[in-house]
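Colleague: I would like to learn how to read the features of a protein model. Please take them in turn.

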Amino acid sequence: MTNDHAPQKLFPVLLKAGALGVAILLGFLLGILVGDRDRRKPKPDSAIVGAPLDTTDFSSDTTTAGAQIDTTASTPAVPDEPAKPEDPKVSKKEIAAGVEYLATHNRWNRDEMEKFPALQGLWDAVNTYQLDDIKRYNDYLASTPLITIVEGLERSPKTGYYASRNDHVITLSTYIKRLR
């Protein structure tokens with residue numbers, strides 16, 4: 001007794017399995033292309049890029065002796081004093097939105113944070129424990145989570161990365177526990 005219907009039933013099953021395999025392979029390749037996009041973007045030289053937050057024109061300021069201050073000089077006025085980093089050019093509304101995000105989210109998502117002008121680059125600074133950069137953000141954000149992070153890093157400096165290369169989420173409560 002032969003079963004002539006077996007090859008006819010097997011062909012559609014094999015066809016569906018092949019189509020499923022191709023779909024999985026295409027999804028995997030698309031995931032690699034999309035996920036690799038952030039890594040290929042050139043990073044700015046500094047985590048914070050932009051003009052000063054206060055855009056008041058100081059070109060007419062004078063010293064007590066009446067001499068005019070040169071605000072275009074690229075070196076600090078006192079050679080022993082390091083140059084103060086510039087704050088990013090963001091509005092008060094954008095700063096408020098950034099502070100709200102930091103205060104209301106326990107899971108800081110890199111992609112979400114990059115959408116806030118005031119938070120651009122902060123996730124990378126926190127992920128790599130860059131205390132000086134985090135302090136610069138905290139100078140204009142004055143956010144409770146950032147204050148806690150700064151205090152924790154000052155007590156217990158860290159190096160390396162908090163989140164793995166493909167992980168774009170920092171769980172704030174776990175991060176702070178790691179600093180203790």
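Modeller: We will go through the fold, burial, ring pairs and salt bridges.

Modeller: This is a predicted model, in which local features need pLDDT of at least 70, side-chain atom pairs count only at pLDDT 80 or more, and totals for chains, interfaces and linings use all residues. Residues are numbered from 1 along each chain as its sequence is written, and side-chain values use heavy atoms, with hydrogens and water left out.

Colleague: How many helices and strands does the protein have?

Modeller: Helices (H or I, at least four residues) and strands (E, at least two) are DSSP runs, numbered from the N terminus. Here there are eight helices and two strands, and along the sequence they follow the pattern α-α-α-β-α-α-α-α-β-α.

Colleague: What percentage of the residues is buried?

Modeller: A residue is buried under 20% relative accessible area, exposed over 50%, and partly exposed in between (1.4 Å probe, protein chains only). Of the 180 residues in the protein, 24% are buried. Leucine 14, in helix H1 (residues 5–35), is exposed because its relative accessible area is 53%. Tyrosine 101, in helix H3 (residues 92–104), has a relative accessible area of 4%, so this residue is buried.

Colleague: Which residues does tyrosine 101 touch?

Modeller: Contact means heavy atoms within 4.5 Å. Not counting residues up to four places away in sequence, tyrosine 101 touches Arg107, Trp108, Asn109, Glu112, Met113, Phe116 and Leu119. Its side chain also makes a polar contact of 2.8 Å with that of glutamate 112. A polar contact is a pair of N or O atoms within 3.5 Å; within protein, one must be able to donate a hydrogen and the other to accept it, and residues adjacent in sequence count only if both atoms are side-chain atoms.

Colleague: How many aromatic pairs does the structure hold?

Modeller: Rings of Phe, Tyr and Trp (its six-membered ring) pair if their centres lie within 6.5 Å; planes under 30 degrees apart count as stacked, over 60 as edge-to-face and the rest as tilted. The structure holds four such pairs. One of them is stacked, because the rings of tyrosine 129 and tyrosine 175 have centres 5.5 Å apart and planes at 20°. This pair links distant parts of the chain, with tyrosine 129 in the loop between helix H5 (122–127) and helix H6 (131–141), and tyrosine 175 in helix H8 (residues 172–179). Both residues are buried. The rings of tyrosine 162 and tyrosine 175 have centres 5.0 Å apart and planes at 65°, so that pair is edge-to-face. Ring pairs thus link Tyr129, Tyr162 and Tyr175 into a cluster.

Colleague: How many salt bridges are there?

Modeller: A salt bridge is a side-chain nitrogen of Lys or Arg within 4 Å of a carboxyl oxygen of Asp or Glu. The count comes to three. Arginine 110 and aspartate 124 meet in one, at 3.0 Å from N to O. Their bridge links distant parts of the chain, helix H4 (residues 110–113) and helix H5, 14 residues apart. Arginine 110 counts as buried because its relative accessibility is 9%, while aspartate 124, at 26%, is partly exposed.

Colleague: Why are arginine 136 and aspartate 133 separated by about one helical turn?

Modeller: Because they are three residues apart in helix H6. These two also form a salt bridge, with the closest N and O atoms 2.8 Å apart.
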